[in-house]
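The following report concerns strands, cysteines and model confidence. Please read it alongside the sequence and the structure shown here.

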Amino acid sequence: MTGLIGPEEVRRVADAALSLPRADGVEVLFMHEWGGLTRFASSSIHQSTHREDTGIRVRVVSEGRIGVAASNDFSLEGARRAAESALEMATVVAPDALFPGLAPPVPTPRAPRVRRGGGRDHALRTRRVRRATRRDVPGGFHRRRRVRDARERGRDRQHRWTVLLGAVLAGLRDDGRDRPDGGSGFAEVFAAGRGELDPAAVGKRAADKAVASRSPRDSTRPLHGRPGAGAVSTLVGFLAWVGFGGRSLHEGRSCFSGKQGEQVASPIVTIYDDALSEGTLGLPFDFEGVPRSRVDLIGDGVFLSGVYDLRTAKQAGTTTTGHALPPPNPEGPFPLNLFMAPGEASLQDMIASTDHGLLVTRFHYTNIVHPVESTITGHDAGWHVPDRGRGDRPSGQEPAVHPVHHRGAPGHPDGGSRHRARERVLLLGQPRPRPQGLVVQLQRAFGPLTA
Amino acid sequence: MEPVVLAPVEPVTGTWHSPMQVDPFNVPLEEKVAMLMEATRRMQSIDGLAFGEGGIDLFRRRTFLATSEGTSIEQTTVQSGAGIEATALGDGELQRRSFPNSFRGHISAAGWEHIQKLGLIEEAERTATEAVELLSAKECPSEVTTLVLDSGQVELQIHESIGHPVELDRVLGMEEAYAGSSFVRPEDRGSLRYASPLVSITADASLAGGLGSFGWDDEGVPAQRVPILVDGVFENFISSRETASVLGLTSSGAMRADGWAHYPLIRMTNISIEPREGSLADIIGDTDDGVFMSTNTSWSIDDHRVNFQFGCEIAWRIEKGRLTTMYRNPNYTGITTEFWGSCDAVGGREDWTLWGTPNCGKGQPGQVARVGHGASPSRFRNVQLGVRG
């Protein structure tokens, strides 16, 4: 088990960079990370690893010019060389008129969720998942602990946290190429400590989805979708890429550029970033050492604000929100702890109030098509919600839906695929008005679902 | 639980270095910056351009592999590349043109001499002009028609719809929980009609200049030239020692880690389409009606690598063998084997380019591989274009 590198040792190495001559300012970001991963497929472990790494990243200011260098040589000499490289980089660039200076020393807010280690027995977790699913299960559990210590002249910041991630995809064997009856279900969990992780429950969720998605049917009607929570998180996450960054907002590259105060989403949509929330594991300071706090981005469907670091805040004539990424950072600030405020409807309520549609539980391989139009592309997996009152599985807790799949590839009678829907283009920012819950318009990409 | 069986490989002792004429790390930083500054200055000289950006990508990695089987290998690879990107903004529209390719340009396992040949400065004004012109261009129509792709987009098409589906760990379900699986099955070797007879695809780790070139992979398996598709029929997977043994085969030598801290995975080497005959101009000249698309800008494909939707930066109408109307926001969609089955022209050696893809993601924790794809401009019939929300 790896131990923490103490503040004294970090400070000693950092001082080797901070003492760089001929520099007007030096900033040292130190990261220490280790973690283990156990991956399994067909109920066998096929990858079990542990790794540990340390790294420093040095930003040097010289006559208004900025240079950055990084190294994983955590030694006095490594730090010194990184600082010298950063200074060399600074000498060949033009002065940055927008450089606001390094962040001033201020108290760092306390992060609420620092947990002890995540446990070591990956095989035990795997066994529990396999017992829960009793199926051929690909998946993985990942334990990670990090320490980050940002230092610069006049102030120190440090923080440590533990993240446990678990993901399981339970697949059921089909009856062969001619009868693709197999289903699949994905479930994942995110926890701050081992007490919060229940591998068996994750496996059961995935297995239940797999069972529910067996024998997919084909649909021939254009559909609008209601994303499940996992799918919605993908959509909200992409807004971070195409919408909320201060640099893209200021430069007109964002889908929200020039739309502050405008209605950009349904009034039931509220999105914010909060690294200090109980629901996430964010750093209490950003990578410039600026304390983080909650930023309301979209309130009741109205675009309120983006996120900023020191440089983009100066560029936009505002103040930093504490969202700097590690330098060099050409894309600018980024919200790493996004939340969408819950509404009042349950998933069952939304399904019950939908005449005809598609329940999307997960997106795969999403990508930005047009940032200003906030168009992304991706592939969905989910269930067809048939016309109200005509569902064939309305019993118990099961949704009144049935799984659907896309047409297969020529050459394979079934295409060898158990994907449950054809791809479609997602159009964000123009949700259909609905009284409750999030409805993101899921527009038909290229025709109805077909066999 | 069954014990792992590794396909046999002879222990080897050796060294390998990628070919290089001028060490890019010995070129003065000022010279590199001056090249980019001049290219971006020329882009900014075009009225209406919002941003001109350029980058140089230099990469050197030295690895040493030792195994208890007796292998001892030292390898060094140097890769150099560069690219420019012009962005135009106007009236709620954003358009971008890149040269020589999008996503960091054109990277090769070579030295500074590769970057000097790219022509970043010479092509800067044309690149910026096209970005500005795209703001007022027509939207790519939604229709089923003939599609001609430049070699840069064929590179992406190969990567997503041939390279990934033939990774044997995907086929065996090992990556299904994260990166996805494949529609290709072990019994498809030698029988699956994957593409038209014009399409032959080869994985070649010995190709000079490829980002997927090496002497031995990270299991000590020698670099090989492996036929993937022969005249359109699927023949071989890319594999590791563990996965190859499942099928009773020897490894194709594709096990690679992106750094010291990561577990090697099956990664593409240089997976290329074999050139046929004719230039891009010949293919366009031989097309009565259709659309020509250039330079990838977006991609998505399902987790079995069947359905895909790809976008390009720019397109033109082809009318009677000539490029006419410019289109913006072009994209197309297809089913992997259907699309490759519709290929009726593959360009010759004169327009075949060995591209570098430095951003191939896979694995948990995520790894980013640098792989290569040789590609010629190609033509496909009856393709659905202009997918809109």
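In this predicted model, strand β9 of chain A, residues 295–299, pairs with β10(A) through two bridges in the antiparallel sense. Within this pairing, A:Phe303 of β10(A) is the bridge partner of A:Ile298. Both strands belong to an open sheet of four strands in chain A, with the order β10-β9-β8-β11 and antiparallel pairing. The sheet is bounded by the edge strands β10 (302–303) and β11 (338–340) of chain A, each of which pairs on one side only.

Chain B offers a second example of strand pairing, centred on β17(B). Which strands pair with β17(B) in the antiparallel sense? Strand β15 of chain B is joined to β17(B) by five bridges, and strand β21 of chain B pairs with β17(B) over two bridges. The table lists the two pairings.

| Strand paired with β17(B) | Residues | Bridges | Residues standing opposite |
|---|---|---|---|
| β15(B) | 307–319 | five | B:Gln309 and B:Thr333 |
| β21(B) | 378–385 | two | B:Gln384 and B:Thr333 |

B:Thr333 of β17(B) is thus the bridge partner of B:Gln309 and also stands opposite B:Gln384 in β21(B).

Is β17(B), residues 331–335, mostly covered or mostly uncovered? The strand is mostly covered, and five of its five residues are buried. On one side lie B:Asn331, B:Thr333 and B:Ile335, and on the other B:Tyr332 and B:Gly334; these residues are all buried, and both faces are therefore covered.

The cysteines are considered next. How many disulfides does the structure hold over all chains? The number is zero. For B:Cys343, the closest cysteine sulfur is that of B:Cys312, at 15 Å. A disulfide requires sulfur atoms within 2.5 Å, so the sulfur of B:Cys343 is too far away for a bond. B:Cys343 has a relative accessible area of 4% and is buried, and A:Cys255 is also buried, with a value of 6%.

Finally, confidence varies along chain A. The mean pLDDT of chain A is 72, and 62% of its residues reach 70 or more. Among the elements of the chain, β9(A) has the highest mean pLDDT, 97, while strand β15 of chain A, residues 424–427, has the lowest, 26. Over residues 386–451 of chain A the pLDDT is below 50, although the model gives this stretch 236 contacts beyond near neighbours in sequence. Residues 143–154 of chain A likewise stay under 50, with 79 contacts beyond four places in sequence.

Conventions:
Residues numbered from 1 in each chain as written. Chains lettered and ligands numbered in written order. Predicted model: local features only at pLDDT ≥ 70, side-chain atom pairs only at ≥ 80, totals over all residues. Heavy atoms only, no water. Pairing = 2+ DSSP bridges. Buried < 20%, exposed > 50% of the residue type's maximum accessible area, 1.4 Å probe, protein only. pLDDT = per-residue confidence, 0-100. Contact = heavy atoms within 4.5 Å.
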